[in-house]
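Trainee: Could you walk me through this model, one piece at a time? I'd like to start with a helix.

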Amino acid sequence: MESENSPSSIRSTESPVDNGFLQLAGFNAVIVGNGAIGGALLAALLRRPGLQRAFILGRTQKHDSNDPRVTHVYLDAEAPESVTAAAIAVADEVERLHCVINTVGMLHSEDCQPEKRLRDITAGQLQRSFTINAVLLPLLAQGFSSLLRHDEPAVLASLSARVGSIADNKLGGWYSYRATKAAQNMLLRTLSREWGVSHRNVSVVALHPGTVESPLSEPFISRGYRNRVLTPEESAAALLKVLADVRPGTTGAFYDWQGEPIPW
Ligand SMILES: NC(=O)c1ccc[n+]([C@@H]2O[C@H](COP(=O)([O-])OP(=O)(O)OC[C@H]3O[C@@H](n4cnc5c(N)ncnc54)[C@H](OP(=O)(O)O)[C@@H]3O)[C@@H](O)[C@H]2O)c1
């Protein structure tokens, strides 16, 4: 179990050797959300020879793949019954899962933008963000609980965001997104404590994917943006490297795409 007081980098300085589920011959993965990073994670997993089956869960089927290992399953984060139905559909196909990565998130939509100031907050936007950015995670954990619990290594990872770090919040703004990613972090950390007893094979981790080119980030990356912007493919490769480096027994941690811990 990760110490509360001394989070350490998991960046490997040695030759890259995958730990855990990625090393298994015949691992099964679920990617929740078929956006830019979700699609890139699926593509990266499909290049792994050990991958047996992959399921991509989302509202629409975006990533056409002729690969017979891939199945698209409908899921809408705003319809809890669809999460249960998706988990049942996956359980019809495989007996165990080794990797569930939640990539669903909302920063803006057709009718809402991130709030710059207090007067921009509406109850509706805050509640919708909470449903999509936070509530989905425990519903996924409920749905996939029995498939993840076995005697092989497994990971439940969820894409959070550095701006969801309460300790890191120096700029303010983006009330709903920040608050609901922070709520997701707490739900994840609490789940890690429960599964640290009941699901000892599962590492539960929150991940910041970096600033990544995607429909979610596009309106906020100006031409003069000074920080590094990753392609979805770069982010996916880095995130899989982080997951590969997670040691068995490490759980309840929050890492960025480089494997550096982020304060909660
Ligand atoms: N891009 C970045 O710079 C960045 C930085 C920090 C954190 N993140 C996090 O990374 C994750 C992936 O984001 P991304 O950059 O890949 O953006 P993206 O391409 O916009 O992907 C977001 C995905 O969330 C899905 N989604 C939203 N509401 C949903 C719902 N009700 N039910 C099912 N799916 C829903 C979207 O589905 P539809 O396609 O059907 O709308 C989309 O596939 C998010 O959690 C985001 O908060 C991204």
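Trainee: How far does H5 reach from its first C-alpha to its last?

Mentor: Quick ground rules: this is a predicted model, where local features need pLDDT of at least 70, side-chain atom pairs count only at pLDDT 80 or more, and totals for chains, interfaces and linings use all residues. Residues are numbered from 1 along each chain as its sequence is written, and side-chain values use heavy atoms, with hydrogens and water left out. Helices (H or I, at least four residues) and strands (E, at least two) are DSSP runs, numbered from the N terminus. H5 has 14 residues, and the expected span is 1.5 Å times one less than that number. The model comes close to the expected 20 Å, with a reach of 20 Å.

Trainee: How many residues of H5 are buried?

Mentor: Buried means under 20% relative accessible area, exposed over 50%, and partly exposed in between (1.4 Å probe, protein chains only). What covers the buried residues includes H1, S4, S5, S6 and S7. Among those buried are Ala236, Leu239 and Leu243. H5 is mostly covered, and the count is 10 of its 14 residues.

Trainee: How are H1 and H5 oriented to each other?

Mentor: Helix H1 (residues 36-46) and helix H5 (residues 232-245) pack with their axes 8 Å apart, at an angle of about 60 degrees. The axes are lines fitted to C-alpha atoms over the stretch in contact, and angles run from 0 to 180 degrees between N-to-C directions. Under 35 degrees counts as roughly parallel, over 145 as roughly antiparallel, 65 to 115 as roughly perpendicular and the rest as oblique. That is why H1 and H5 count as oblique.

Trainee: Which residues in H5 meet H1?

Mentor: Contact means heavy atoms within 4.5 Å. On the H1 side you have Ala36, Ile37, Ala40, Leu41, Ala44 and Leu45. Their partners in H5 are Pro232, Glu233, Ser235, Ala236, Leu239 and Leu240.

Trainee: Is Phe55 buried or exposed?

Mentor: Phe55 sits in strand S2 (residues 51-58). Not counting residues up to four places away in sequence, Phe55 touches Ala29, Val30, Ile31, Thr71, Val73, Val90, Glu93 and Val94. Its relative accessible area is 1%, so Phe55 is buried.

Trainee: What is phi of Trp174 near?

Mentor: Trp174 is in the loop between S5 and helix H4 (175-198). Most residues other than glycine have a negative phi. Trp174 has a positive value, near 50 degrees.
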